[in-house]
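Student: Hi! I've got a structure open here and would like to talk it through with you. Could you have a look with me?

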Amino acid sequence: MQAARRYFKSFASGFVVAVPVTVTFLDYVGYVARVEGASMQPFLNPEDRSFNDVVLLNRWSVRNFKVNRGDVVSLASPRDPEQRIIKRVIALEGDTVRHTFKMPGTRTYKNRYVRVPSGHFWVEGDNFGHSLDSNFFGPVSVGLVHARASHILWPPQRWQRIEPSLPTDRRPLDQETIDHLEEQGAVTVPKT
C-alpha cells in the first residue's frame with residue numbers, strides 16, 4: 001500500500017510540473033499539425049498520395065509578427081476565425097501585387113493591382129485557382145498569423161526543412177512597374 005501511495009504521489013507531482021511546461025511549449029515554441037486540403041499542392045500534400053503531410057509549426061519565429069516573402073504560415077482565416085489555414089506569404093506591407101480572381105464572392109477592387117496596406121500581408125495557396133486566399137478575401141492582418149511552417153515531418157520520405165520561396169509568376173511588382181501603374185491610376189490601396 002505504501003508503495004502505491006509513493007507511486008501516485010510521484011506521478012501527481014510529475015503531472016503538475018509536466019502540464020504547465022507542455023502548455024507553455026505549445027503556446028510559445030511550436031507544435032505539430034496535419035495539413036489538409038489541396039490549396040498548397042504540389043508543395044504540401046502532393047496529389048499522388050492518399051495521406052496528408054504533417055508539418056512543424058514554429059510559433060516562436062513569428063512572436064513579433066515578423067514574416068518574410070515566401071514563408072509558409074499558419075493563420076486564422078479572415079472569413080472564419082475558428083479555422084486555421086496554411087498559405088504562402090507573397091507580399092508584405094507596402095508591396096504591390098496583381099489581384100487575380102474575378103469570381104463571385106471574391107473581394108473586388110477598382111483595379112487589378114493592389115498595394116498591401118500597413119500591418120497586413122498578402123497570402124496565396126500554391127495551387128492557383130484551388131485556394132481561398134488573399135485573392136478571395138484581400139490583404140490579411142499580421143495579427144492573424146500564429147506560426148511559420150518550418151519542416152515537413154511526415155511522411156518520412158518527404159522530411160525536409162521548409163525554405164522561403166516565391167513562385168516566379170506571383171512576386172510583388174518592381175518599383176518601375178508600380179510607378180507606371182500609379183501614373184495611370186491603376187493601383188488600389190485597400191482601406192484597413
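Student: Is strand 4 enclosed or open to the outside?

Tutor: This is a predicted model, and in it strand 4 is largely enclosed by the rest of the structure, because 8 of its 9 residues are buried.

Student: Which residues does strand 4 cover, and what does it pair with on the strand 3 side?

Tutor: Strand 4 takes in residues 84-92. Strand 3, residues 72-76, runs antiparallel to strand 4, and 5 bridges join them. Two of the partnerships to look for are V72 with R88 and L75 with I85.

Student: And how many bridges link strand 4 to strand 7?

Tutor: There are 4 bridges between strand 4 and strand 7 (residues 120-124), again in the antiparallel sense. R88 has E124 as its bridge partner in strand 7, and R88 is also the partner of V72 from strand 3.

Student: Back to strand 3 for a sec. Is it covered or exposed?

Tutor: Mostly covered: 5 of its 5 residues are buried. V72, S74 and A76 point one way, V73 and L75 point the other way, and all of them are buried.

Student: Why do they split into two sets like that?

Tutor: Side chains in a regular strand alternate between the two faces of the sheet.

Student: Nice. Which way does strand 3 run relative to strand 9?

Tutor: They are antiparallel, paired over 3 bridges, with strand 9 spanning residues 145-154. L75 sits opposite V145 there, and L75 also has I85 as its partner in strand 4.

Student: Changing topic: which residues does UniProt annotate as "active site"?

Tutor: The UniProt record, an unreviewed entry, puts that annotation on S39 and K87. They span 49 residues in sequence, yet their C-alpha atoms are no more than 7.9 Å apart, so they gather at one spot. Both S39 and K87 are in the lining of the largest pocket.

Student: How about their side chains, what joins them?

Tutor: A polar contact of 3.0 Å joins the side chains of S39 and K87.

Student: Where in the fold is S39, then?

Tutor: S39 is in the loop between strand 1 (30-34) and strand 2 (54-58). K87, on the other hand, is found in strand 4.

Student: Is S39 buried or exposed? And K87, buried or exposed?

Tutor: S39 has 14% relative accessibility, so it counts as buried. K87 has 4%, so it counts as buried too. The cut-off for buried is under 20%.

Student: What is K87 in contact with, beyond its sequence neighbours?

Tutor: Leaving out residues up to four places away in sequence, K87 touches S39 and M40, then D71, V72 and V73, then V123, E124 and G125, and finally S131, L132 and D133.

Student: And what does S39 touch?

Tutor: With neighbours within four places set aside, S39 is in contact with I86, K87, G125, D126, N127, H130 and S131.

Student: Last one, the whole chain. How many helices and strands are there?

Tutor: The protein chain has 3 helices and 11 strands, in the order α-β-β-β-β-β-β-β-α-β-β-β-α-β along the sequence. Of its 192 residues, 41% are buried.

Student: What about the surface of the chain, and how much of it belongs to carbon and sulfur?

Tutor: The accessible surface comes to about 11,500 Å², and 56% of that belongs to carbon and sulfur atoms. As for contacts between residues at least 6 apart in sequence, 65% join residues at least 24 apart.

Definitions and conventions: Residues are numbered from 1 along each chain as its sequence is written. This is a predicted model: local features need pLDDT of at least 70, side-chain atom pairs count only at pLDDT 80 or more; totals for chains, interfaces and linings use all residues. Side-chain values use heavy atoms; hydrogens and water are left out. UniProt positions are given in the numbering used here, feature names are shortened, and annotations may be inferred rather than shown by experiment. On a 1 Å grid over the protein atoms alone, a cavity is a set of points where a 1.4 Å probe fits but cannot get out, and a pocket is an open set with protein on both sides within 12 Å along at least five of seven lines; lining residues have an atom within 4 Å of a point. Buried means under 20% relative accessible area, exposed over 50%, partly exposed in between (1.4 Å probe, protein chains only). Contact means heavy atoms within 4.5 Å. A polar contact is a pair of N or O atoms within 3.5 Å; within protein, one must be able to donate a hydrogen and the other to accept it, and residues adjacent in sequence count only if both atoms are side-chain atoms. Accessible areas come from the Shrake-Rupley method with a 1.4 Å probe; for residues, only the protein chains shown count as cover. Two strands pair if DSSP finds at least two bridges between them.
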